[in-house]
Structures are given as structure tokens and as C-alpha cells.
Amino acid sequence: MVRLILFAFPLLAVLSGPVAAVVGGTPRTDSPMLVIVPPWLDAASVVDGAGGRLVGPVRAPLAVFATVADGAGHAATSDFVRRVRDEGAWWVTDGTALAAICGVG
């Protein structure tokens, strides 16, 4: 067991940097955001309830790419992240890099 811990800790430390670089960051409302929701909520309903829209053809079980709905005013745009969290999202982050990897624009 000790050997497993001694192996796993450095491995996690090395791998967490690139993952944090790809999915970390302050959400920008002018680009895709990664919205992570609990499994008992419908991600589309969470985003729609916050005044946003889904981006991309495919959804992951717990996450979607979202952006502010077209035609939303500046106040609605700047407040979107708070509203998504109020609707039940666990985490909202900048999804630009991950969206580029996944082919979502």
C-alpha cells in the first residue's frame, strides 16, 4: 500500500498541472464556458434557466459547453456565471482551450 501511495502521489502531481491549465481559468462570457452539473440535474435546463445556450453537438454526462444566449444585454452577460451557479451548477470555468480540443467553436 505504501508503494502505491509513493507512486500515485508524484504521478498525480505531474498530471494535475496540464489538466488545470486546460480546464482552469476565469470564465469569459465571450467564449465557451465549461459548466459542470451534478448527475441529478439536466445540464441543458441549468444553462437555459440562466439565460444561456448549449454549444456543440455532443454533451458529456456531467458537463456541457455553454455561452450566453444571443441577444442578451451586457448586464445579463456579466451576470451569467453567477446565474448558472444559482441554477445548480457545481463549477463554471473557461472552456476555450478544451472546446478547441473537442472541436467546439
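Two rings of Phe, Tyr or Trp (for Trp, its six-membered ring) count as a pair if their centres lie within 6.5 Å; planes under 30 degrees apart are stacked, those over 60 are edge-to-face, and the rest are tilted. By this rule the count here comes to one aromatic pair. The partners are Trp 40 and Trp 90, with ring centres 5.8 Å apart and planes at 80°, so the pair is edge-to-face. Distant parts of the chain are linked by this pair: Trp 40 sits in the loop between S1 and H2, Trp 90 lies in the loop between helix H4 (80-86) and S4, and 50 residues separate them.

A word on the ground rules before we go on. The structure is a predicted model, in which local features need pLDDT of at least 70 and side-chain atom pairs count only at pLDDT 80 or more, while totals for chains, interfaces and linings use all residues. Residues are numbered from 1 along each chain as its sequence is written, and side-chain values use heavy atoms, with hydrogens and water left out.

**The overall fold**

The protein has five helices and four strands, taken as DSSP runs numbered from the N terminus (helices are H or I with at least four residues, strands are E with at least two). Read from the N terminus, the order of elements is α-β-α-β-β-α-α-β-α. Of the 105 residues in the protein, 30% are buried; buried means under 20% relative accessible area, exposed means over 50%, and partly exposed lies in between (1.4 Å probe, protein chains only).

**The sheet**

How are the four strands ordered in the open sheet? The order is S2-S3-S1-S4, with antiparallel pairing, where two strands pair if DSSP finds at least two bridges between them. Strand S2 (52-55) and strand S4 (91-94) are the edge strands, each pairing on one side only. On average, neighbouring strands of this sheet are turned by 40° against each other, direction ignored; the angles are taken between axes fitted as lines to C-alpha atoms, for helices over the stretch in contact, and run from 0 to 180 degrees between N-to-C directions.

Strand S1 (33-36) is a good place to look at the pairing in detail. Four bridges join S1 to strand S3 (residues 63-68), and the two run antiparallel. Within that pairing, Ile 36 stands opposite Ala 63, and Val 35 has Val 64 as its bridge partner. Four bridges also join S1 to S4, again antiparallel, and here Met 33 is partnered by Asp 94 of S4. The side chains of S1 point both ways: Met 33 and Val 35 one way, Leu 34 and Ile 36 the other, and all are buried.

Over in strand S2 we find Leu 54, which is partly exposed at a relative accessible area of 28%. Leu 54 and Thr 67 are 13 residues apart in sequence, yet their C-alpha atoms are 6.5 Å apart in space.

**The surface patch**

Back to the aromatic pair: both Trp 40 and Trp 90 are exposed. They belong to a nonpolar surface patch together with Leu 41, Leu 62 and Trp 91, with about 570 Å² of accessible area in total. Patches are built from residues with over 30% relative accessible area and no salt bridge, joining like charges within 9 Å and nonpolar side chains (Val, Leu, Ile, Met, Phe, Trp, Tyr) within 5 Å. The areas come from the Shrake-Rupley method with a 1.4 Å probe, and for residues only the protein chains shown count as cover. Leu 41 is found in the loop between strand S1 and helix H2 (43-49), and its 31% relative accessibility makes it partly exposed.

**Salt bridges**

How many salt bridges does a search of the whole structure find? There are two, each being a side-chain nitrogen of Lys or Arg within 4 Å of a carboxyl oxygen of Asp or Glu.

| Residues | N to O distance |
|---|---|
| Asp 79 and Arg 82 | 2.5 Å |
| Arg 82 and Asp 86 | 2.6 Å |

Together, Asp 79, Arg 82 and Asp 86 are linked in a network. Arg 82 and Asp 86 are four residues apart in helix H4, so about one helical turn separates them. In relative accessible area, Asp 79 is partly exposed at 26%, Arg 82 is partly exposed at 42%, and Asp 86 is exposed at 55%.
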